[in-house]
Amino acid sequence: MVDSKVLIQAMSDLDEDVLNKAIDEVLSKDDNAAEVQEIVKACQQGMTLVGERYDSGEYFIGDLVFAGEVLQNVMDKLKPALGTGSSAKGGKVVLATVFGDLHDIGKNIFRSMVEAAGFEVIDLGINVPVNQIVDKVKEVNPDIVGLSGVLTLALDSMKETVHGLAEAGLRNSVKVIIGGVPVNEVVCKSIGADGFSTNAAEGVKICQRWVG
Amino acid sequence: MSEVANLYQERLDRVFKAFNLEQPDRVPVLGTYGSWCAEFAGYTDAETNWDIEKGGKAMMKVASEIPLDMVHNYFGRPGGVYQALGSKAFHYLSDSTVAQYSDEHAQIMTADEYPEFAKDPFRFLVEKILPRKYAELAKPSPIKDLAFAKGAMKFGMFGAQSGGIVGALATQYGMPMLFDGVILHPMDWIADFFRGIKNAFMDIRRCPNDFLAAIEAFTPLIIRLGMGQALMTPPRQYPKVLELPIHLPTMLKTSDFDKFFWPAFKTIMEFFASQNINVVPIYEGDWSRYYDHLQELPAKKSMGWFEYGDPKVIKEKLKDIMCISGLYPATLLQFGTKEECIAKAKELVDILAPGGGYVFGTDKELITGKAENIIAVNKFVMEYGVYK
């Protein structure tokens, strides 16, 4: 039987070796559905601890990027053994690095953390035009739209995206959160977003408050 | 001396007094407008990069219409050079955006190649990295040789043209340019150009010793690169100045910073100080964890360009070590009202100006911003920042 405590600790310590060993062991068994679920849950809890260690100033962005990689590898390994619709969803997020910007490190950190928190994420990638975001929002009806960017130019694109959502009559049905180096309160107001963060873990908390 | 020559000398004296942690006649104002100049002159960033003539005109417009003491750089990227070599690294997403570097295209080296890299970095760069980075250099001779010659020629032309721009700024507008060259820390170099930023974070965890050995082996080469650039400009009265943008350190936990960043950085800073070359590290992100480290740098030999931080703490901790610049939010010039912009400038000048060792500048290179805000703020600093 998997030891959840050990796995939570391993995820929190970003110790891939311990995680991989446990996963391989479980996957080698025949009737492993319950244990696979157990591992997913443990990794999600471990990611929460990673977020806390980030908040407390022990971990930094490099660690979060690595945590995202570790979690991604775990999920890739477990995917074949995971049934569909097995984990509870916290809400739906459409996520994008906005038009004119190629930077996606922050977006990817946020994605892995918000996924670990139980959200379903539709990641549209980088340099995403306004109409593509608007169309996707129409299609999947998310709770939240997350817009990311590093360049100060991205702020104009964020503003246009929020405007695009409003024009399509979708602004009131979603919350918009913006993230990235240049965002702050002044910017958030000017763009017309509902929230902002330069810290992925805090961004996740904002999202949880919105759907909670 | 002519009026322009006087102006030029006056501005240089002002900036280098601050560099030397002294109090000039007033707070010097540094223009960080290498990219913004395109917007200001009605060009796109791409236009100024492909057509150096336009880049020069844009800088001249800045020098003649914006109240300033010095421009930091002419930030032209020579499009022709990259094209001749077949680079895919820079991207223009539209007419309205600046050239960007993609992390995906930076990933041209594998983690198992670190030992080979560390054994002979120069050879590895020439034989392995360049052909991967520049498609034309991967082709057989004589195509690659021709591409190299074409790239070198284009680069020479770019050098001559940008030298001409520096000269024109000086002789027509009395406007000095701060930087003589740019270098990166070996870790940032590896992350930005060879492995990609994401992979660099993986390497720190998965093959830390190989990563560190590569950084150590690469350091002397970076020093050579910096010296090469400094020696390319003519001798002059004040120290040459190198720009050193810093990317990864604030994303690392402190123990990783101590291991992978600090030793090589200190070596580089001490070397250039010993050659009387000033360095302007661009301290991206939140450096508050590292102010104590920065106290170990050679005194009066660098200007810390800070993106973020409490100006009071920075002044308190570093006023005897380095001239301080930056911290003024570029986004305020983009979104703020004139009054808000001036209020912020006053706040920074009040804290950072006393005693000298301060150059007014934005937290990052300006890409976009309202000209009326920029003019109002610079004018304000020049009038308000007079030392009595």
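Here is a short question-and-answer chat about this predicted model of chains A and B.

User: What makes helix H10 of chain B largely enclosed by the rest of the structure?

Analyst: Buried means under 20% relative accessible area. In H10(B), residues 186–195, 9 of the 10 residues are buried, so the rest of the structure largely encloses this helix. Among the buried ones are B:Trp189, B:Ile190 and B:Phe194, along with B:Asp188 and B:Arg195.

User: And what happens just after H10(B)?

Analyst: There you meet B:Gly196, which has a positive phi of about 85 degrees.

User: Over in chain A, how do you know that S1 and S3 are paired strands?

Analyst: Two strands pair if DSSP finds at least two bridges between them. Strand S1 (residues 91–97) and strand S3 (residues 144–148) of chain A have 5 bridges, in the parallel sense, so they count as a pair. One spot to look at is A:Val94, whose bridge partner in S3(A) is A:Val145.

User: In what order do the strands of that open sheet come?

Analyst: Follow S2-S1-S3-S4-S5 in chain A, 5 strands with parallel pairing. S2 (119–123) and S5 (195–197) of chain A each have a single partner strand, which makes them the edges, so one side of each has no neighbour in the sheet. On average, neighbouring strands here are turned by 25 degrees against each other, direction ignored.

User: Which helix lies across S1, S2 and S3 of chain A?

Analyst: That's H6 of chain A, residues 130–140. H6(A) runs at about 170 degrees to S1(A). The angles go from 0 to 180 degrees between N-to-C directions, so the helix and S1(A) run in nearly opposite directions.

User: How many residues does each chain bring to the contact?

Analyst: Chain A brings 30 residues and chain B brings 26. The area buried between the two chains is about 2500 Å², with carbon and sulfur atoms giving 68% of that.

User: Why is B:Arg206 with A:Glu69 called a salt bridge?

Analyst: The cut-off is a side-chain nitrogen of Lys or Arg within 4 Å of a carboxyl oxygen of Asp or Glu. For B:Arg206 and A:Glu69, the closest N and O atoms are 4.0 Å apart, and the pair is counted as a salt bridge. Between chain A and chain B the count is 5 salt bridges. There are also 7 residue pairs in polar contact across the interface, both residues at pLDDT 80 or more.

User: Which helix gives the most to the side of chain A that touches chain B?

Analyst: H4(A) does, with 7 residues. Helices H4 (61–78), H7 (153–167) and H8 (185–191) of chain A each supply at least two residues to that side.

Key:
Residues are numbered from 1 along each chain as its sequence is written. Chains are lettered from A and ligands numbered from 1 in the order in which they are written. This is a predicted model: local features need pLDDT of at least 70, side-chain atom pairs count only at pLDDT 80 or more; totals for chains, interfaces and linings use all residues. Side-chain values use heavy atoms; hydrogens and water are left out. Buried means under 20% relative accessible area, exposed over 50%, partly exposed in between (1.4 Å probe, protein chains only). Helices (H or I, at least four residues) and strands (E, at least two) are DSSP runs, numbered from the N terminus. Contact means heavy atoms within 4.5 Å. Buried area is the accessible area (1.4 Å probe) that two parts lose on being put together, summed over both. A polar contact is a pair of N or O atoms within 3.5 Å; within protein, one must be able to donate a hydrogen and the other to accept it, and residues adjacent in sequence count only if both atoms are side-chain atoms.
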